[in-house]
Amino acid sequence: MQFTFPANKFKNAIIAVASALDKEPNSRYPALSSIRLEIRNEHTKAIATDGRRLHVVELKEPSDHQADLLIGPDLIKAISNCSSSGEWIILAVDEDGTIRWTVPKGRRGESVLTGTQMPIEGRYPNWVQVMPEPGRHTATATIDSIEFKR
């Protein structure tokens, strides 16, 4: 399966949720140092938690496939540092769960950085359980993606 995301939107989503990651390098729970991607036909959600904080960003990017992926620290770093002017970030998932990735680099995204991530061991917490019931204690905000730039 292959997933293609607009580089600028995807990078901003990853940066927005990354502050909730477990920063402990020797964590007993490697999944907490990863960002969960829930890719569905009509949207993709990026989720990060360290067990205390929870950040979720939804991208309205349609997909032909559905998948739940964990992207680890090396790929998170590559995406966070990628060129926003590049066109696409590509995640290709092998049958064994290996992710082969391509991100734009350089000032104008004229070249690419590629890598491979092996499957991450461990289960990701059921983040939906801790979310408030719809309509109670929730708010929706729509902001321009420029707000996420550092």
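**View 1. Helix H2 (residues 73–80) provides the largest share of the lining of the second largest pocket, contributing four residues.** The structure shown is a predicted model. The pocket encloses about 200 Å³ of space. It is lined by 11 residues, of which Leu21, Lys23, Ser33, Pro73 and Ile76 are the closest to its centre. By residue class, the lining of this second largest pocket comprises five nonpolar, four charged and two polar residues.

**View 2. Surroundings of Glu38 in strand E2 (residues 35–39).** Glu38 has a relative accessibility of 13% and therefore counts as buried, the limit for this class being under 20%. The side chain of Glu38 is joined to that of Arg36 by a polar contact of 2.8 Å. When residues up to four places away in sequence are not counted, Glu38 touches His43, Thr44, Lys45 and Ile47, together with Ala67, Asp68 and Trp127.

**View 3. Surroundings of Pro125, in the segment after strand E8 (111–117).** Pro125 counts as partly exposed because its relative accessibility is 36%, a value that falls between the limits of 20% and 50%. Apart from neighbours within four places in sequence, the residues in contact with Pro125 are Leu32 and Thr49. A separation of 9.9 Å is found between the C-alpha atoms of Pro125 and Ala48, two residues that lie 77 residues apart along the chain.

Note on methods: Residues are numbered from 1 along each chain as its sequence is written. This is a predicted model: local features need pLDDT of at least 70, side-chain atom pairs count only at pLDDT 80 or more; totals for chains, interfaces and linings use all residues. Side-chain values use heavy atoms; hydrogens and water are left out. Helices (H or I, at least four residues) and strands (E, at least two) are DSSP runs, numbered from the N terminus. Buried means under 20% relative accessible area, exposed over 50%, partly exposed in between (1.4 Å probe, protein chains only). Contact means heavy atoms within 4.5 Å. On a 1 Å grid over the protein atoms alone, a cavity is a set of points where a 1.4 Å probe fits but cannot get out, and a pocket is an open set with protein on both sides within 12 Å along at least five of seven lines; lining residues have an atom within 4 Å of a point. Grid points are joined across faces, edges and corners, and a volume is the space filled by probe spheres set on the points. Ala, Val, Leu, Ile, Met, Phe, Trp, Tyr, Cys and Pro count as nonpolar, Asp, Glu, Lys and Arg as charged, and the others, Gly among them, as polar. A polar contact is a pair of N or O atoms within 3.5 Å; within protein, one must be able to donate a hydrogen and the other to accept it, and residues adjacent in sequence count only if both atoms are side-chain atoms.
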